[in-house]
Amino acid sequence: MNRSDSIDGEVSEHAINVSFAYDRALSRRAMTGWWQSVVPPEPFLKRAIVWAVIWFGVLAIALVIAAFGLSPWYVGAGLIGAGAMIASFAYLQRTRMSRFWDELGRHWDRAGETQVQIDASGLAIRDNVSQRALNWLAIDAVKAVRGGTVFRSGISMLVVPDASLPSGLRPKAFRERIAAWRAQ
Amino acid sequence: MSDNNIIQLTPSFPETLDREAAYLINKKVPKRQTAVAWLGLLAVLVISTLLVGAIFPDKFGFSHIIAFLFGATFFAAYAYLETRQVLKTGIEIQKTARERSKPIVFRFTPNRFVIETANGRTDYTWDAIDEIESLSIGTGVRVGALLYPIADTDLPEALSRRDFRARIDAWRSAT
């Protein structure tokens, strides 16, 4: 049994201490995980069926239009119109969100490094400008994202990067321990 | 006198303020950027119409623009409804979380803004506050992506919105 196994397997009352700086890329991914903890993504099969229905509908409209003697190219034009709108909305969303992350980044410039202590009682979060203590009842969801673990409390979130975990504590074991603490 | 140095209140979180908070980030996008985006859309509309018209002159006429606009409107309507739904969900989960964390108390002191709830305690120095916003029926204290709304009616009696604002502005700039 190597050292990391023993740390991972421990049913511990010990606190886990981590500290990390703001990571914009990770925060972006965390935001997705945050949202998925509110509205879980639909299963693949369901999404596939929905898309099949949508395209079948488009095809049906094309056929109906053709039956009335109109060119089915109208459907093509409609699709291009929707596509143009999707592109503009995507662009707007991007600028909006990058603005959002800039704002957050500015906050973190002052906040500096975040130190988090996680134990049976909850989370203690501390940085240069603030101090939060949340017990587990305040945590609505814990969600894994690529490179980190997201804690959601209401609409606020905290993302603990995997890289900040104590050496020997694998992200999965970390989340298992949290699950056990939350279940208490 | 301690009264001068502590403002304590129980926030009522009216939905109006939550909705304004949700739009706060939109407000921060410069108008120019939004204008550029919509002009870009218009350019895309015109160019793609001309392009398709040039490639398929026999199949694609001016009347297709109507179909094009129909498609665009259809997606815009969908996006609008979707955004509204997302917003509603956000407000909903916030409400649920607050309901569970009651009682909630906001306390403003010369050095700090403290939020005490049944499930936790948040303690901000004034340095943590990014912005103090004037809202329609209250004041918003923004920390990162979070906006703490204080409705005018939440304020202690004898404290007007202007006095409140003046006092917290003074505390904030003193640190």
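The side chains of D140(A) and R100(B) come together in a salt bridge, with N and O 2.5 Å apart; the term stands for a side-chain nitrogen of Lys or Arg within 4 Å of a carboxyl oxygen of Asp or Glu. This pair crosses between chains, from R100(B) in helix α5 of chain B to D140(A) in the loop between β4 and β5 (141-145) of chain A. Helices (H or I, at least four residues) and strands (E, at least two) are DSSP runs, numbered from the N terminus. Side chains of opposite charge can pair when their charged atoms come close. Across the interface of chain A and chain B, 2 salt bridges are found, while the structure holds 17 over all chains.

The model is a predicted one, in which local features need pLDDT of at least 70 and side-chain atom pairs count only at pLDDT 80 or more, whereas totals for chains, interfaces and linings use all residues. Residues are numbered from 1 along each chain as its sequence is written, chains are lettered from A and ligands numbered from 1 in the order in which they are written, and side-chain values use heavy atoms, with hydrogens and water left out.

Turning to the interface as a whole, 41 residues from chain A and 52 residues from chain B take part in the contact, where contact means heavy atoms within 4.5 Å. The size of an interface is often given as the accessible area lost when the parts come together. Here chain A and chain B bury about 4000 Å² between them, and 69% of that lies on carbon and sulfur atoms; buried area is the accessible area (1.4 Å probe) that two parts lose on being put together, summed over both. Between chain A and chain B, 11 residue pairs are in polar contact, both residues being at pLDDT 80 or more. A polar contact is a pair of N or O atoms within 3.5 Å; within protein, one must be able to donate a hydrogen and the other to accept it, and residues adjacent in sequence count only if both atoms are side-chain atoms.

On the side of chain A that touches chain B, the elements giving two or more residues are α2 (24-38), α4 (73-111) and β4 (130-135) of chain A. Of these, α4(A) gives the most, with 22 residues. The residues of this side divide into 23 nonpolar, 11 polar and 7 charged; Ala, Val, Leu, Ile, Met, Phe, Trp, Tyr, Cys and Pro count as nonpolar, Asp, Glu, Lys and Arg as charged, and the others, Gly among them, as polar.

Strand pairing also links the chains: β4(A) runs antiparallel to strand β4 (residues 120-125) of chain B, joined by 5 bridges. Two strands pair if DSSP finds at least two bridges between them. In this pairing A133(A) stands opposite R121(B). Within chain B, 6 bridges join β3(B) to β4(B) in antiparallel fashion, and F113(B) stands opposite Y124(B). These strands, β3(B) and β4(B), form a hairpin with 2 residues between them. Another hairpin leads from β2(B) to β3(B) through 3 residues.

Ahead of β2(B), a cis peptide bond joins K102(B) and P103(B), with omega about 0 degrees, and P103(B) is placed in the loop between α5 (64-101) and β2 of chain B.

For confidence, chain A has a mean pLDDT of 86, and 93% of its residues reach 70 or more; pLDDT is the predictor's confidence in each residue, from 0 to 100. Over residues 1-11 of chain A, pLDDT stays under 50.
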